[in-house]
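User: Please examine one part of this model closely and then set it in the context of the other elements. A connected account would be preferred.

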Amino acid sequence: MKIFTRYLRREIFSATSLVLLAFLCLFSFFDFLAELEKIGKGSYQLKHALIFVVLSIPSRAYEILPIAVLIGSLYALTQFARNSELTVIRASGVSTKRLLGALLKIGRVFAVLTLLVGEYVAPPLERVAQKWRLRSTGSSMPQELRSGLWLRDGQYFVNIGRVMPDVSLRQVKLYQFDAGNKLVSLSAAASGRYAGGGRWEFSDVTQTWFFPDRTQLIHLGSLSWASSLNSEMVSVVMVTPDRMSISNLFDYVQHLEGNKQRTGRYEVAYWKKLIYPLAALVMMGLALPFALGNQRSANIGARVFVGVMLGIGFYLLNALFSNLGVINNWPPLMSAAAPSILFFLLAAVLMWVGDRR
């Protein structure tokens with residue numbers, strides 16, 4: 001069994017690597033086509049588009065790795081079935097349960113790899129890619145509202161007109177409220193930069209103080225503001241929640257909760273990042289019943305096609321449940337785990353039906 005497991009591991013790793021490479025080439029080509037329309041904006045040229053696509057490859061790899069595991073495992077197992085190798089190993093007394101255990105041991109490598117890429121490789125490179133494109137096109141970070149980016153920190157509401165690629169700020173307004181939610185002051189700064197240690201430094205500041213009987217206008221060359229907001233939290237507008245790291249998502253969710261703001265979108269992304277590596281194990285378990293059925297007439301092309309369809313279905317369900325969870329205020333854990341649970345149940349049912357036969 002140990003020799004067979006090593007042999008199986010080698011074949012699955014080889015097939016999965018080829019499938020992953022093929023998918024990355026395909027998705028990178030589509031990403032490159034999408035970047036072509038930006039060429040000519042600012043100093044954005046063909047080389048900038050190529051570098052952006054290359055930097056985005058780890059994010060793509062993280063998204064499609066479980067799908068590649070499904071197709072690669074299905075291909076390798078179907079090859080074994082076609083060559084009667086599975087028949088021999090089953091005839092030697094190896095049960096479906098032991099086969100599944102061997103697959104899950106192999107799948108742990110893919111689960112850990114998915115976690116490492118999603119936490120330590122893809123997020124920083126995705127941020128570098130976005131900065132690269134913004135600098136090359138001469139743009140600021142995209143904002144969700146026409147009025148700019150709005151953030152809250154305790155009794156302060158912060159409106160940022162533009163966030164630059166280096167996370168410096170332009171056209172910043174600080175609205176300070178008292179405990180009774182009355183406006184105390186408004187500070188308008190031309191620019192700002194994070195100085196570290198929980199402090200922001202603003203320049204060319206105009207402060208308006210509101211008193212019961214009058215207002216007072218003060219001009220300041222600079223203003224230092226202590227805040228729990230840091231540059232990482234401000235730069236969330238640069239990277240979508242699904243491509244942020246688990247640690248950054250956790251910190252930002254804590255900040256939003258501390259300021260009584262909605263956290264749904266980021267909580268779903270947080271739980272999804274925690275659960276997503278386990279999808280590799282689910283996909284590997286799903287491949288087994290397809291390979292065990294009708295071993296003598298194993299049609300590799302048809303079964304790989306089934307794997308592709310299932311992988312696409314899993315990818316679409318992940319996006320669907322994430323969006324539905326945010327819209328309908330479903331529990332974040334349920335929204336994130338639902339696709340993996342559904343595919344796990346599908347694998348269990350197919351395996352049970354296969355054993356009954």
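Which residues are buried in α8?

Analyst: The model is a predicted one, and the description below rests on values computed from it. In helix α8, the buried residues are Ala279, Ala280, Val282, Met283, Met284, Gly285, Leu286, Ala287, Leu288, Pro289, Ala291 and Leu292. The helix is therefore mostly covered, with twelve of its 14 residues buried, where buried means under 20% relative accessible area. Its length can be checked as well: α8 covers residues 279-292, and at 1.5 Å a residue its 14 residues should span 20 Å; the end C-alpha atoms lie 21 Å apart, which agrees.

Helix α1 offers a view of the surface. Leucine 33 is found in this helix and is partly exposed, at a relative accessible area of 41%. Leu33 belongs to a nonpolar surface patch that also includes Leu26, Phe29, Phe30, Leu36, Ile39, Leu46 and Leu50, with about 700 Å² of accessible area together. Two elements, α1 (2-36) and α2 (46-82), each give two or more residues to this patch. Its largest share, five residues, comes from α1.

The strands complete the picture. Six of them form an open antiparallel sheet in the order β1-β2-β3-β4-β5-β6. The edges are β1 (149-153) and β6 (215-226); each has a single partner strand, so one side of each is left without a neighbour in the sheet. From one strand to the next, the twist averages 20 degrees. Within the sheet, β3 (residues 169-177) and β4 (residues 183-196) pair in the antiparallel sense over eight bridges. Arginine 170 stands opposite serine 191 in β4.

Key. Residues numbered from 1 in each chain as written. Predicted model: local features only at pLDDT ≥ 70, side-chain atom pairs only at ≥ 80, totals over all residues. Heavy atoms only, no water. Pairing = 2+ DSSP bridges. Helix = DSSP H or I, 4+ residues; strand = E, 2+ residues; numbered from the N terminus. Axes fitted to C-alpha atoms, helices over the stretch in contact; angles between N-to-C directions. Expected span 1.5 Å × (residues − 1). Buried < 20%, exposed > 50% of the residue type's maximum accessible area, 1.4 Å probe, protein only. Patch = residues over 30% accessible without salt bridge, like charges linked within 9 Å, V, L, I, M, F, W, Y side chains within 5 Å. Areas by Shrake-Rupley, 256 points an atom, 1.4 Å probe, with all protein chains shown as cover. Salt bridge = Lys/Arg side-chain N within 4 Å of Asp/Glu carboxyl O.
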